[in-house]
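Hello,

Here is the structure I promised to send over. My notes on what turned up follow straight after it, and I hope they help you find your way around.

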Amino acid sequence: MRGLAVFISDIRNCKSKEAEIKRINKELANIRSKFKGDKALDGYSKKKYVCKLLFIFLLGHDIDFGHMEAVNLLSSNKYTEKQIGYLFISVLVNSNSELIRLINNAIKNDLSSRNPTFMCLALHCIANVGSREMAEAFAGEIPRILVAGDTMDSVKQSAALCLLRLYKTSPDLVLMGEWTSRVVHLLNDQHMGVVTAAISLITCLSQKNPDEFKTCVSLAVSRLSRIVSSASTDLQDYTYYFVPAPWLSCKLLRLLQCYPPPEDGAVKGRLVECLETILNKAQEPPKSKKVQHSNAKNAILFEAISLIIHYDSEPNLLVRACNQLGQFLQHRETNLRYLALESMCTLASSEFSHEAVKTHIETVINALKTERDVSVRQRAADLLYAMCDRSNAKQIVAEMLSYLETADYSIREEMVLKVAILAEKYAVDYSWYVDTILNLIRIAGDYVSEEVWYRVIQIVINRDDVQGYAAKTVFEALQAPACHENMVKVGGYILGEFGNLIAGDPRSSPLVQFNLLHSKFHLCSVPTRALLLSAYIKFINLFPETKSTIQEVLRSDSQIRNSDVELQQRAVEYLKLSSIASTDVLATVLEEMPPFPERESSILAKLKKKKGPGAVSVNELEEGKREGGELNGGGERGGDSSAIASTPSPSADLLGLRAGPPVTAAAPSAGSLLVDVFSEAGVNDDGFLRFVCKNNGVLFENQLLQIGIKSEYRQNLGRMYLFYGNKTSVQFVTFTTTVTCPGDTLVLEPLIEGGAQVQQVINIECLTDFSDAPLLNIKFRYGGALQNLTLKLPVTINKFFQPTEMASHDFFQRWKQLSLPQQEAQKIFKANHAMDTEVLKAKLLGLGMALLENVDPNPENFVCAGVIQTKAQQVGSLLRLEPNAQAQMYRLTVRSSKDTVSKRLCELLAEQF
Amino acid sequence: MQFMLLFSRQGKLRLQKWYVPLSDKEKKKITRELVQTVLARKPKMCSFLEWRDLKIVYKRYASLYFCCAIEDQDNELITLEIIHRYVELLDKYFGSVCELDIIFNFEKAYFILDEFLLGGEAQETSKKNVLKAIEQADLLQEVRHMKQRLPAASSRRSDLHKPLRDDRPKHTHTQPDH
């Protein structure tokens, strides 16, 4: 297209933006007149002009015509004209309904043309646009093309990925149904390209419907094994720089990460062999010096390590993986160092490899100090955080603190939170904790969020052994001529509460303390000043000798006539309080703050919030473990185990993060610190209820013990794995568990694996519907003291749901059939979390019923259908959830063929949203 | 993969491919932000960075930056090699490809990409098969496709003429097809 080349040259020769725009406008006018002209344009000219328009669009200019001409090109039988037409549509489609119909028509023609190149073009277009309209039109047709015996390989490849794209945009429209097994068998296809394309589709489908696609595991293992054991030349053009089929290998390993380790011993053995071979190959000398060779080889290695971490069950492989990554930590390739740090972060959370990761601490600290690339340093900081435990906390915190002084601005806030969390979590003596936080404020005061300094105050108030030290340290810190406002806040609060503990020393007598605080007053913002005024009135109570001095300050015009209402009010009220109230009354009003109730550390919540809802990862249990570990707030160390049973759920809370009100919202402004600053909106602390909509996670955690749960259910049977983690360094003695079940509704067979106490399997059979949960009693001796703990096992009736898909018509018919008043249970309740559609959907899917789309006439509502399988009978249930965003309320209606089931489901669910 | 961008050292966008639905406004914003971020990085820095909730994988070839956004569970190294394979494909097709080839034959660059990646996933990783598909298409043309090479208007030597690949083995000198 000569004309196009000339036009592009012209544009490139334009000396200024204005000249370019002028040239483009000229061209647009020309094209417009050609398109409008009487003379019919031939295909070539049409193609040329459409291509020019595309070029103009890609330069960043708006295009508002030419769509029709592009659509005309689609029906040309000249390949290049068609191709340009499709390209234009792919890049510039808008949901103009008129055009969509024409485009879909053209696509339909090409799909049925039996000309493979035309079919591929059409499929590429669908995949590129991926709109819902296209899914509606073609989602039924493409699976047929994909599995048909006479489809060309290249068309199959495009069809597979086209379907993947449609599934991602409109999962409800892509139904594999009868095609499932044939799609899975594409993994066996002779053509490597077909396998490469199909596996992406299978992986995505497996994530959503693991059971239906389960057979892919053994196929994937044998395919992988063949590739891994092949010589580097066997696969011809699929060998990339002497690495056999790297893309396919990575995708296979990725697919396997959708599933637990294979149950079949032979398959598992073969897979372990593959993983070992991959690890072995990493030690072999490279077959080429090219970076492409090592990248491809290591891409497979990292994917294999991800799989090993995902399984988290082969200590030998985990340790080998860790050693391999350890070598990469010192590799000369920055990319490898980066990835090794990243991957080790997840390894650190596995109990098998945590110790092995820790041996690399010096290297990681060195990376934090010397890496020139901030993103690598960030990874090193993350890893230090992940590998931190009681044994190395002091070293790691010290290193992170010193890094903070030079850290990139973009990551300082996160670093501050991490240091604060580690300091709190691993504090053995609290003077170290106080020192650390005050250091944080000194070094990076601007990045210390409210949560962090609230938390230090909370801890100091709750622990009387550290109060004197805190008062002394903060007093010293305030001596600095320029100190951060956050320091003044902490100082004001702590001296106001505990200044008396250091008042005996003449160097920090009451008046000295007051003068010190007041010398900062004028430099502070209004909320801090308000806080200081509160500290002053506390001083009057603590030290009557300061009364006249402070009253004078309060009485001064700058306070009592302050233009800020809050400050003025405080000055007036405190002045009156100090002059009218008797010492007794004053002492009662200004009594020492009571200990704060222990809740989840608010800074941890903040960190999780920063990470965003994306942190809810594929493997909930792993996530749960990791987060669970952090949850053990330092302040809890005094309590007995029953009190700690209420530690809020890590993963449930992760889900709720997007939902919950921002942590700071509940905390009043600094000025009103006299009330409990830590009250957060209701945290549901019943461990049991957190598992209604999910099967895996941390059921319980205190400072001694963590219990994780993984469970799976099929029909009326279930199996639950309980993982007991000893968090101490001491052995638990006589560790016994008993499971009891009220009534004869469930059969539970606990099987304790011989010798090992880590894992317990419980087989569950549901005989009839039930409401009361089975109980798990745990007894053990820790350091001589008998620990006794009883937990509700999260086995609920909905676990035995089989989802039932049905159309709108069927749904309403059945709904009507279940019209007896006792068959229906209804609850109207307030939303506990933000009403986020995606979160709601995830929860409803977790419930085990089928979530039905396009059934309820109101798209805001959710309807579900399922059958509960018990040994005695099957109970069909329908559910409807109607959110009212304005009122922040829900109405939940459940209808079942059995009244007790409706009632129980309603009770369980009312707590979930 | 969520999207792929090709841009020059001066920050000019040469090719954009989006595998997730985004508004034009959002695309422009992302492009601006990313181009800035990537161009600000120094040569020896690592090829990966976290950006929003995505992972960015990028590599520079002569005057052009190739930049991909992938999701959390995606593999960085294999993405780096996806970029390289794409460069190889362009190189083989154009014969020692340079930035100008991509400017003047942008539509071809899109076609080759579509044969290689579809919906953000590798469709065909065999170089031979991808090129076969493209060449076949060329043969279907009524007139043999004429690749526009180095028009007279921009004859001055610059980065734009520099072959993108510098890792090609010396002995296999690739002939431009025309």
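Strand β5(B) has two faces: L64(B), F66(B), C68(B) and I70(B) point one way, Y65(B), C67(B) and A69(B) point the other way, and all are buried. Since seven of the seven residues in this strand, which covers residues 64-70, are buried, β5(B) is largely enclosed by the rest of the structure. Before going further, please keep in mind that this is a predicted model.

What does β5(B) pair with? One partner is β1(B), residues 3-8, which runs antiparallel to β5(B) and is joined to it by six bridges. If you want a place to look, L5(B) has C67(B) as its bridge partner. Another partner is β4(B), which pairs with β5(B) in the antiparallel sense over seven bridges. There, I56(B) stands opposite A69(B). β4(B) and β5(B) form a hairpin with two residues between them, and A62(B) in that turn has a positive phi of about 45 degrees.

β4(B), residues 54-61, also pairs with β3(B), residues 48-51; these two run antiparallel and are joined by four bridges. I56(B) appears again here, as the bridge partner of L49(B). So I56(B) is a handy residue to centre your view on: L49(B) is its partner in β3(B), and A69(B) is opposite it in β5(B). β3(B) and β4(B) also form a hairpin with two residues between them, where R52(B) in the turn has a positive phi of about 50 degrees.

Stepping back to chain B as a whole, its secondary structure comes to five helices and seven strands. Read from the N terminus, the order of elements is β-β-α-β-β-β-α-α-α-β-β-α. Chain B has 178 residues, and 62% of them are buried. Among its contacts with a separation of 6 or more, 57% are between residues 24 or more positions apart. The exposed area of chain B is about 7600 Å², with 52% of that supplied by carbon and sulfur atoms.

One residue in chain B that you may like to look at is R85(B), in helix α2(B), residues 76-94. Is this arginine buried or exposed? R85(B) counts as buried, because its relative accessibility is 6% and the cut-off is under 20%. Beyond its neighbours within four places in sequence, R85(B) is in contact with D237(A), Y240(A) and W247(A) from chain A, and with F116(B), T125(B), S126(B) and K127(B) from chain B.

Now to chain A, where the secondary structure comes to 41 helices and 16 strands. Of its 913 residues, 57% count as buried. Residues 24 or more positions apart make up 68% of the contacts in chain A with a separation of 6 or more. Chain A exposes about 38100 Å², and carbon and sulfur atoms supply 51% of that area.

Two helices of chain A caught my eye. In α12(A), residues 192-208, 15 of the 17 residues are buried, so this helix is largely enclosed by the rest of the structure. α12(A) bends by about 25 degrees at A198(A). Its end C-alpha atoms are 25 Å apart, which agrees with the 24 Å that 17 residues should span at 1.5 Å a residue.

The other is α28(A), residues 510-521, whose 12 residues should span 16 Å at 1.5 Å a residue; the end C-alpha atoms are 17 Å apart, which agrees. Its buried residues include P510(A), F514(A), L517(A) and F521(A). The buried residues of α28(A) pack against α26(A), α27(A), α29(A), α30(A) and α31(A).

P510(A) also leads to T546(A), which is found in the loop between α29(A) and α30(A). Leaving aside neighbours within four places in sequence, T546(A) is in contact with P510(A), L511(A), F539(A) and I540(A). With a relative accessibility of 0%, T546(A) counts as buried.

A last point concerns the cysteines. How many disulfides does a search of the whole structure find? Over all chains, the search finds zero. Two cysteines to look up are C388(A), which is buried with a relative accessible area of 4%, and C98(B), which is buried with a relative accessible area of 2%.

Best wishes, and enjoy exploring

Conventions:
Residues are numbered from 1 along each chain as its sequence is written. Chains are lettered from A and ligands numbered from 1 in the order in which they are written. This is a predicted model: local features need pLDDT of at least 70, side-chain atom pairs count only at pLDDT 80 or more; totals for chains, interfaces and linings use all residues. Side-chain values use heavy atoms; hydrogens and water are left out. Two strands pair if DSSP finds at least two bridges between them. The expected span of a helix is 1.5 Å times one less than its number of residues. The bend at a residue is the angle between axes fitted to the seven residues ending there and the seven starting there. Buried means under 20% relative accessible area, exposed over 50%, partly exposed in between (1.4 Å probe, protein chains only). Contact means heavy atoms within 4.5 Å. Accessible areas come from the Shrake-Rupley method with a 1.4 Å probe; for residues, only the protein chains shown count as cover. A disulfide is a pair of cysteine sulfur atoms within 2.5 Å.
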